[in-house]
Amino acid sequence: MDYQSIHGQDISSFDLTSTHRLPTVSAAQALEDLGTDPRRFISTSLATFDQALNDVIGESSSTLPRPGGLQKGQVVEIWGPPGSGKTAFGVQLAANTLRQGEKAVWVDGFHPVSPGRLNDVITSTLHPSSVSGATPSIEDQRENFLHFRTPTLAHLIGLLCKPTASAIPSDTSLIVIDTLSSLVNYAFPKNFEPRRSQKGPGPSARRLQILQFLISTLQKLAATRDLCVIILSQCATRMQLEHGATLIPVINAGTWEQGIATRLVLFRDWIVESERVHDVHFVGIQKLNGKATPGAISQVYAFNVRNGGLVSVDLDENQSSLPLSPSLNLKRKLSQTDFEVADSEGEDYGWEDEDELEMPRMPPQWQGSEDILLGPTEEDEAQTEEGSEVQSVRLQDSPVHLGSDLTGADGDGSS
């Protein structure tokens with residue numbers, strides 16, 4: 001009796017004469033295949049910026065065309081101040097994904113995205129349709145776009161932490177989460193109340209636990225589904241000793257920083273083009289494929305936001321940013337000016353007697369209210385006792401109806 005008659009067929013193939021059970025590929029060949037496969041990248045429609053995002057292989061290390069863009073299988077954070085183009089950047093990425101025949105999921109937080117913006121970018125002719133050549137129809141692209149609204153952080157966790165086939169289909173390549181920082185701040189507000197004796201972790205500790213759980217879940221989702229997760233985040237101000245007020249991302253915990261593979265920053269600045277001053281949008285790389293950029297930010301790339309999508313702007317790299325003011329105007333001292341501060345006792349501030357006659361009289365229900373604010377005057381204190389007694393008798397004989405006065409003051413809508 002032989003080995004196979006006793007133990008059956010060897011499913012592990014240990015009885016094969018070949019020493020290699022699987023085909024081997026060198027590391028250089030694997031990196032080249034990874035860096036030259038256009039299906040591994042999502043273009044931003046900014047050609048120069050796309051090439052800067054592809055650091056898998058060098059520009060001259062392969063003879064094949066070198067694609068660019070954001071890599072799949074990663075979590076990417078795009079942050080910046082309001083009006084810097086974060087939503088437009090996410091819409092452009094979603095439109096480029098749909099042109100490839102793949103599905104894109106958009107998750108709204110507090111601010112829902114306008115469907116018309118995505119439709120304008122999809123139907124635009126500013127950018128090439130597809131790398132593979134087969135571009136789906138406009139109707140198919142609209143069907144491949146899934147839009148969800150999560151009003152709270154709990155809804156977002158329930159949607160992404162245990163996704164269903166209807167929420168995130170199998171052929172999804174992009175997930176855009178808009179205003180995630182607003183959901184986190186709304187769920188865990190930063191209040192300054194003194195901490196009371198309580199059992200369990202405090203609000204800051206729970207916030208850190210939720211962020212760690214959320215970023216690890218997004219990492220697993222991006223790696224297992226081979227898709228790119230885009231997080232559009234807002235900014236906050238932090239005071240630093242050397243630099244003063246500095247803009248930073250709202251979510252800046254250490255566990256969150258470790259989970260972010262690529263981080264892009266958006267802002268706006270003034271430039272001179274054709275002897276005309278106007279503002280443009282800029283995007284810079286702060287972290288790329290897990291490696292932080294030296295100097296906090298890399299070379300920035302200019303672009304404009306049009307109705308049809310993002311358009312690159314070619315600028316002179318040696319041109320510096322324009323100052324807010326061409327000359328430094330210092331404040332002058334009061335003694336160096338002709339301005340004279342009026343004295344409250346000796347000056348009347350230019351108020352003429354004729355102006356007082358032109359002023360309308362106060363309503364009846366407001367008569368005497370200025371005494372409450374300013375206090376009694378010397379003329380009121382010099383009243384005789386006889387006049388005071390007469391006034392008190394009149395008040396007793398004719399009581400004041402506050403209800404009718406308030407009604408007359410507010411108005412019942414009939415007059």
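**Exercise 1. Identify the residues that form a nonpolar patch on the surface of this predicted model, and classify Trp 270 as buried, partly exposed or exposed.**

Solution. Step 1: The nonpolar surface patch consists of Trp 270, Val 272 and Val 277, which together have about 270 Å² of accessible area. Step 2: Trp 270 belongs to strand S10, residues 262-272. Step 3: The relative accessibility of Trp 270 is 42%. Partly exposed residues fall between the limits of 20% and 50%, so Trp 270 is partly exposed.

**Exercise 2. Determine which residues of helix H7 are buried, how they are arranged around the axis, and what covers them.**

Solution. Step 1: Helix H7 spans residues 153-160, and its buried residues are Leu 153, Leu 156, Ile 157, Leu 159 and Leu 160. Step 2: Viewed down the axis of H7, these buried residues lie within an arc of 165 degrees, and therefore they line one face of the helix. Step 3: A general rule is useful here: an α-helix has 3.6 residues a turn, so residues three or four places apart point the same way. Step 4: The cover over the buried residues of H7 includes the strands S4 (103-108), S5 (145-149) and S6 (172-178), as well as the helices H8 (180-187) and H9 (203-225).

**Exercise 3. Carry out the corresponding analysis for helix H5.**

Solution. Step 1: In H5, residues 115-122, the buried residues are Leu 118, Val 121 and Ile 122. Step 2: Down the axis of H5, they fall within an arc of 100 degrees, so they line one face of the helix. Step 3: Their packing partners are helix H4 (86-99), helix H6 (138-143), strand S5 and strand S14 (309-312).

**Exercise 4. For Ser 45 and Asp 226, state the phi angle, the location and the degree of burial.**

Solution. Step 1: As a general rule, most residues other than glycine have a negative phi. Step 2: Ser 45 has a positive phi, near 70 degrees, and Asp 226 has a positive phi near 55 degrees. Step 3: Ser 45 sits in the loop between strand S1 (41-42) and helix H3 (47-53), while Asp 226 sits in the loop between H9 and strand S7 (228-233). Step 4: With a relative accessible area of 16%, Ser 45 is buried; Asp 226, at 34%, is partly exposed.

**Exercise 5. Describe the surroundings of Ser 233.**

Solution. Step 1: Ser 233 is part of strand S7. Step 2: Its relative accessibility is 1%, so Ser 233 counts as buried. Step 3: Leaving aside residues up to four places away in sequence, Ser 233 touches Glu 77, Ile 78, Trp 79, Gly 80, Lys 86, Ser 181 and Val 250.

Note on methods. Residues are numbered from 1 along each chain as its sequence is written. This is a predicted model: local features need pLDDT of at least 70, side-chain atom pairs count only at pLDDT 80 or more; totals for chains, interfaces and linings use all residues. Side-chain values use heavy atoms; hydrogens and water are left out. Buried means under 20% relative accessible area, exposed over 50%, partly exposed in between (1.4 Å probe, protein chains only). Helices (H or I, at least four residues) and strands (E, at least two) are DSSP runs, numbered from the N terminus. The arc is that of the directions from the helix axis to the C-beta atoms. Contact means heavy atoms within 4.5 Å. Patches are made of residues with over 30% relative accessible area and no salt bridge: like charges are joined within 9 Å, nonpolar side chains (Val, Leu, Ile, Met, Phe, Trp, Tyr) within 5 Å. Accessible areas come from the Shrake-Rupley method with a 1.4 Å probe; for residues, only the protein chains shown count as cover. A salt bridge is a side-chain nitrogen of Lys or Arg within 4 Å of a carboxyl oxygen of Asp or Glu.
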